[in-house]
Amino acid sequence: MCDKCGAAAPRSDFKELEPVLEKYADVEGSLISILQKTQDIYGYLSLETINYISARTGVAPAKIYGVATFYTQFRLEPIGEYLIMLCHGTACHVNGAALIEEAITDHLGISDGETTEDNKFTLNNVACLGCCSLAPVMMVKGPDGDETFGNLTKESVVKAIEGIQARA
Ligand code: FES
């Protein structure tokens with residue numbers, strides 16, 4: 001049971017989420033920050049997590065769910081071991097991000113927002129990653145940390161993914 005709000009104990013104890021909720025639960029207008037940090041921790045927003053955040057913040061689950069589905073940055077499904085964030089910001093867009101996406105889709109058989117059947121890779125199109133001079137760029141978040149790949153071509157993106165597959 002939550003010692004602050006009395007909510008029933010969830011299946012997970014949400015230990016990692018506690019510092020976030022302690023900081024933001026009572027701060028008005030902080031729902032998006034809470035959801036962003038929650039997603040950073042768990043990779044996605046499960047229904048169970050949404051219910052727990054609701055119990056701790058007093059914001060109705062339907063409202064949290066509405067916010068989570070309104071913003072494309074939030075994921076409601078688990079992601080693969082490696083999250084490919086492919087930049088579609090302006091610089092990457094004009095430098096061929098769509099072709100890079102096509103190469104990833106051809107190689108892994110997944111489109112934006114999808115996860116491979118073996119749960120290894122999820123593809124997410126994102127806005128500017130902040131390294132436009134390397135456009136087109138993708139960042140891969142994996143168990144060993146974040147890796148950035150720049151100046152991508154259809155060939156080099158496949159090579160980069162094959163490199164990850166070889167060690168995954
Ligand atoms: S537009 Fe892609 S990194 Fe900035």
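1. Strand pairing around Met-138. Leu-86 stands opposite Met-138 in S3. Met-138 also has a partner on its other strand neighbour: it faces Phe-149 in S4. One residue along, Met-85 is placed opposite Met-139 of S3. These pairings come from a predicted model. Treat them as features of that prediction.

2. S1 with S3. Strand S1 covers residues 82-87, and strand S3 covers residues 138-142. The two run antiparallel and are joined by four bridges. The pairs Leu-86 with Met-138 and Met-85 with Met-139 are worth finding on screen. As background, strands of a sheet pair through backbone hydrogen bonds, either parallel or antiparallel.

3. S3 with S4. Strand S4 spans residues 145-149 and is antiparallel to S3, with five bridges between them. How many residues does the hairpin use to join S3 to S4? The link is made through two residues. Gly-142 has Gly-145 of S4 as its bridge partner. Met-138 is set against Phe-149 of S4.

4. The sheet as a whole. Four strands form an open sheet in the order S2-S1-S3-S4. The pairing is mixed. Which strands form the edges? They are S2, residues 121-126, and S4, each of which pairs on one side only. Neighbouring strands are turned by 20° against each other on average, with direction ignored.

5. A helix on the sheet. H6 packs on the sheet and touches S1, S2 and S3. The direction of H6 makes about 155° with that of S1. H6 also has a helix partner, taken up next.

6. H6 with H7. Helix H6 runs over residues 97-108 and helix H7 over residues 154-167. Their axes lie 9 Å apart, and the packing angle is about 40°. Why are they called oblique? An angle of about 40° is neither under 35 degrees nor in the 65 to 115 range, so H6 and H7 are oblique to each other. Their crossing is right-handed. On the H6 side the contact uses Leu-99, Ile-100, Glu-102, Ala-103, Ile-104, His-107 and Leu-108. H7 contributes Lys-154, Val-157, Val-158, Ile-161, Glu-162 and Gln-165. By class, this contact has eight nonpolar, two polar and three charged residues.

7. H3 with H4. A second helix pair is formed by H3, residues 47-57, and H4, residues 61-70. Here the angle is about 125° and the axes are 9 Å apart. H3 and H4 are therefore oblique to each other. The crossing of H3 and H4 is right-handed. From H3, the contact takes Leu-47, Ile-50, Asn-51, Ile-53, Ser-54 and Thr-57. They meet Pro-61, Ile-64 and Tyr-65 of H4. Six residues of this contact are nonpolar and three are polar, with no charged residue.

8. Backbone points to check. Where is the cis peptide bond? It runs from Ala-135 to Pro-136, with omega near -5°. Pro-136 sits in the loop between S2 and S3. Phe-14 also deserves a look: its phi is near 55°, a positive value in a residue other than glycine. Phe-14 belongs to the segment before helix H1, residues 18-24.

9. Overall layout. The protein chain contains seven helices and four strands. Along the sequence the pattern reads α-α-α-α-β-α-α-β-β-β-α. The C-alpha atoms fill a box of roughly 55 × 30 × 25 Å along the principal axes.

10. Confidence. Mean pLDDT for the protein chain is 91, and 93% of residues reach 70 or more. Which stretch falls below 50? Residues 1-11 do. In the model this stretch has 15 contacts beyond near neighbours in sequence. Read those contacts with the pLDDT below 50 in view.

Technical notes: Residues are numbered from 1 along each chain as its sequence is written. This is a predicted model: local features need pLDDT of at least 70, side-chain atom pairs count only at pLDDT 80 or more; totals for chains, interfaces and linings use all residues. Side-chain values use heavy atoms; hydrogens and water are left out. Axes are lines fitted to C-alpha atoms, for helices over the stretch in contact, and angles run from 0 to 180 degrees between N-to-C directions. Angles under 35 degrees count as roughly parallel, over 145 as roughly antiparallel, 65 to 115 as roughly perpendicular and the rest as oblique. A crossing is left-handed if the near helix is turned anticlockwise from the far one by less than a right angle, and right-handed if clockwise. Contact means heavy atoms within 4.5 Å. Ala, Val, Leu, Ile, Met, Phe, Trp, Tyr, Cys and Pro count as nonpolar, Asp, Glu, Lys and Arg as charged, and the others, Gly among them, as polar. Two strands pair if DSSP finds at least two bridges between them. pLDDT is the predictor's confidence in each residue, from 0 to 100.
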